[in-house]
Amino acid sequence: MLSIRISIITFILTFFIVMALDALKMRSSSVSLLDALVLSFFVSVMSGLLVHLLVYQRVKKLTDSIKRGQIERDAFDDEITGLSKALEENLESFKKSLEKEKHLKSTLELILYSFSHDIRTPLTLLENSIKEMPVDRSLKKDALRYIDLIKNLTDQLLRVGRIEGGLEIVRKELVNLVELVWDACEMITKSYGRKISFQYTDEVEVLVDPSKILEVTLNLLRNAAEYSRGPINVKISKTRNFAKVEISSLGKKIPYDLNVKLFDLKRKSKGLGLGLFIARRYVEMHNGKIGYEWKDGKNMFYFTLPLT
């Protein structure tokens, strides 16, 4: 031990110093050998104790601390290694999940495409045949209208499938909202022969997918054209952060238990409600809101879009 070594060295040095001083007669009286040994022993013991208390204990504590630190570091390294392995396993599992999801989406897209093709092809053939038939014009017109309704329903079912399957992609571009809504109004006027009152204050530009927002507007306008009477009123306004499109028309107030489910896929009302469901999801893809209000004796549907 360090303290014992120090004590031995101190004993020897003290003994020789005492004897040397005695030999040089630097002391008033001579020191016996026994006195020199006792004095050297006492000094060596004291120095050993001091070394033990002041040095050895501190060195021991430092050594123990280093050992504990090494143990803790080893445990920490083991923990890091375990976490690293777990992370690698999770990443591998995540990659497999992504590949599986990609495969499922591809399969779903193929099924939807096949469904669309299998439905549309015979409808197109039937439509062409009806156009060539020498039948009453009004009867032909009604038959073609029903074919258009079936085509529209097929398109909506496909959109719902793509939305629920996560296949819809939003391709945004800067669009003049006033022009887009005006185009939708002209389409509805041409199809339904309904008068549309169009109102706006300023031009409004929004960053949206124009095809999807056009579909939203057409769905709300079709809803107004089919289930209301009188003119259809369209108003575009904007606040600091949002642009708002309102479509209102005369008609019976929609009961509360129905209007809270208007934009749900499984609502209990006339028809499947696919158009309103699609409109809601498309607006949500643009971080906007869609809703219904009973205002001034009119049914008013609206949607908002963030301004750029």
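The side chains of Arg-281 and Glu-284 meet in a salt bridge with an N to O distance of 3.8 Å; a salt bridge here is a side-chain nitrogen of Lys or Arg within 4 Å of a carboxyl oxygen of Asp or Glu. This is a predicted model, in which local features need pLDDT of at least 70 and side-chain atom pairs count only at pLDDT 80 or more, while totals for chains, interfaces and linings use all residues. Residues are numbered from 1 along each chain as its sequence is written, and side-chain values use heavy atoms, with hydrogens and water left out.

Both Arg-281 and Glu-284 belong to helix H7, where three residues, about one turn of the helix, set them apart. Helices (H or I, at least four residues) and strands (E, at least two) are DSSP runs, numbered from the N terminus. Arg-281 is partly exposed at 22% relative accessibility, and Glu-284 is partly exposed at 39%. Buried means under 20% relative accessible area, exposed over 50%, and partly exposed in between (1.4 Å probe, protein chains only). Arg-280 joins Arg-281 and Glu-284 in a network of salt bridges.

The whole structure holds five salt bridges, including those in the table.

| Salt bridge | N to O distance |
|---|---|
| Arg-281 and Glu-284 | 3.8 Å |
| Glu-215 and Arg-222 | 3.9 Å |
| Lys-244 and Glu-246 | 3.6 Å |

Glu-215 and Arg-222 are both buried. In the pair from the last row, Lys-244 is partly exposed, with a relative accessible area of 24%, whereas Glu-246 is buried at 12% relative accessibility.

Helix H7 (residues 274-285) also packs on a sheet, touching strands E6 and E7. Contact means heavy atoms within 4.5 Å. The direction of H7 makes about 125 degrees with that of E6; axes are lines fitted to C-alpha atoms, for helices over the stretch in contact, and angles run from 0 to 180 degrees between N-to-C directions.

This sheet is open, with five strands in the order E2-E4-E5-E7-E6 and mixed pairing. Two strands pair if DSSP finds at least two bridges between them. At the edges lie strand E2 (196-200) and strand E6 (289-295), each of which pairs on one side only. Direction ignored, neighbouring strands of the sheet are turned by 15 degrees against each other on average.

Strands E6 and E7 (residues 298-306) run antiparallel and are joined by seven bridges. Tyr-292 has Phe-301 in E7 as its bridge partner. Helix H5 (residues 210-227) packs on the sheet as well, touching E2, strand E4 (229-238), strand E5 (242-250), E6 and E7. The direction of H5 makes about 175 degrees with that of E7.
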